[in-house]
Amino acid sequence: MQLHTHTWGEGDRVALLIHGMMADHRTWRRVGPALAGRGYRVIAVDLRGHGASGRGEYRPELFAEDVVETLPAGADLAIGHSLGGLALSLAVDRLRPGRAVFSDPAWHLASPAGGMGPELFAQFKSAPRERIRAMNPRWDAADIDIELETLAVWDEATALGMGPLLGTDLLPAAPVVPSLVQLADPSFLISPERAALLEERGFEVRSVAGAGHTIHRDDFDGFMASLQGWIRPLQ
């Protein structure tokens, strides 16, 4: 599936952005321009079932296939958040970016007994503004507005499609390209034990102190600071 994309900048290096579940390219409203200001041409997708992209079956492998079909191989940088991190990890051997950043990636989905099951997750589509604000007290008002807008066009069946993966270990065996795993503090997807295992496997792991799951919206400055050495410095 060819995905809808949004581009910031006209730099001589290419950066790819892949959002998490329930979001679309608009979640990167600050990250895209910030990277463009560092000389990147930034391309962000809407995954299938999200934003302006098409609908269909929903499995991680299909999210990855769409990303490969849509985005250029050999980019300088690729960043995937949550579901986007999972999709990137399944596509990275074909996309072959110079560097990959997995931002609180969905590499371990808790079973319903230990977390939110897919049915409850799907019900979040109708969450009111007050609930979103209460769950994300550090978000700007603009991010709450965007969340409501993206939820309105999100196909909640994407959450149900993740059901078979609950409780499954999806951690990559090794990085395909130089890779940073950026974690919330605490992360409900990557435990300290799994973070240590990722380090043993060759990933660099950094946490953003006090940040929630959507790090780039919860603490934009912390998000950017944690990418030091992984993205092009300001000139």
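Ser103 lies in strand β5, where strands (E, at least two residues) and helices (H or I, at least four) are DSSP runs numbered from the N terminus. The model is predicted, so that local features require pLDDT of at least 70 and side-chain atom pairs count only at pLDDT 80 or more, whereas totals for chains, interfaces and linings use all residues. Residues are numbered from 1 along each chain as its sequence is written, and side-chain values use heavy atoms, with hydrogens and water left out.

With a relative accessible area of 0%, Ser103 is buried (buried, under 20% relative accessible area; exposed, over 50%; partly exposed in between; 1.4 Å probe, protein chains only). Its side chain makes a polar contact of 2.6 Å with the side chain of Gln182. A polar contact is a pair of N or O atoms within 3.5 Å; within protein, one must be able to donate a hydrogen and the other to accept it, and residues adjacent in sequence count only if both atoms are side-chain atoms. Beyond four places in sequence, Ser103 is in contact with Gly80, His81, Ser82, Gln182, Ile215 and Phe223 (contact, heavy atoms within 4.5 Å).

Ser82, one of these partners of Ser103, belongs to the loop between β4 and α3. Its phi is near 55°, a positive value in a residue other than glycine, and at 10% relative accessibility Ser82 counts as buried. A positive phi, near 40°, is also found at Asp104, again a residue other than glycine. Asp104 is placed in the loop between β5 and α4 (118-123) and counts as buried at 0% relative accessibility. In the loop between β6 and α8 lies Pro186; the peptide bond leading to Pro186 from Asp185 is cis, with omega near 0°.

The strands are arranged as an open, mixed sheet of seven members in the order β1-β3-β2-β4-β5-β6-β7, two strands being paired if DSSP finds at least two bridges between them. Because β1 and β7 (204-207) stand at the edges with a single partner strand each, one side of each is left without a neighbour in the sheet. From one strand to the next, the twist averages 20°. Helix α3 packs on the sheet, touching β2, β4 (77-81) and β5 (99-103), and its direction makes about 150° with that of β4. Axes here are lines fitted to C-alpha atoms, for helices over the stretch in contact, and angles run from 0 to 180 degrees between N-to-C directions.

At one edge, β6 (residues 179-183) and β7 run parallel and are joined by four bridges; Leu180 stands opposite Glu204 in β7. Towards the other edge, β1 and β3 run antiparallel and share four bridges, whereas β2 and β3 run parallel and share five. Ala44 of β3 is the bridge partner of His6 and also of Leu17. Five of the six residues of β3 are buried, leaving this strand mostly covered. Together, β2, helix α1 (residues 31-36) and β3 make a right-handed β-α-β unit; right-handed denotes a path from the first strand over the helix to the second that runs clockwise when the strands point away from the viewer.

The loop between β3 and α2 contains Asp46, which is buried at a relative accessible area of 1%. A polar atom of the Asp46 side chain lies 2.8 Å from the backbone nitrogen of His25, and the side chain also reaches the backbone nitrogen of Ala52 at 2.9 Å. Beyond four places in sequence, the contacts of Asp46 include Leu3, His4, His19, Asp24, Gly51 and Ser53. In helix α2 (residues 60-70), the buried residues are Pro60, Leu62, Phe63, Ala64, Asp66, Val67 and Thr70. Their cover includes β1 (5-8), β2 (13-18), β3 (40-45), α3 (83-95) and α7 (157-160).

The largest nonpolar core has 50 residues, and those with the most contacts inside it are Leu16, Leu47, Val67, Leu71, Trp107, Ile190 and Leu198. A nonpolar core is a set of buried Ala, Val, Leu, Ile, Met, Phe, Trp, Tyr and Cys residues joined through side-chain atoms within 4.5 Å. Helix α3 gives the most to this core, with seven residues. Ile190 touches Pro105, Trp107, Leu171, Leu183, Ala195 and Leu198, residues up to four places away in sequence not being counted. Apart from this core lies another, of 24 residues, among them Leu35, Val42, Ile79 and Phe220.
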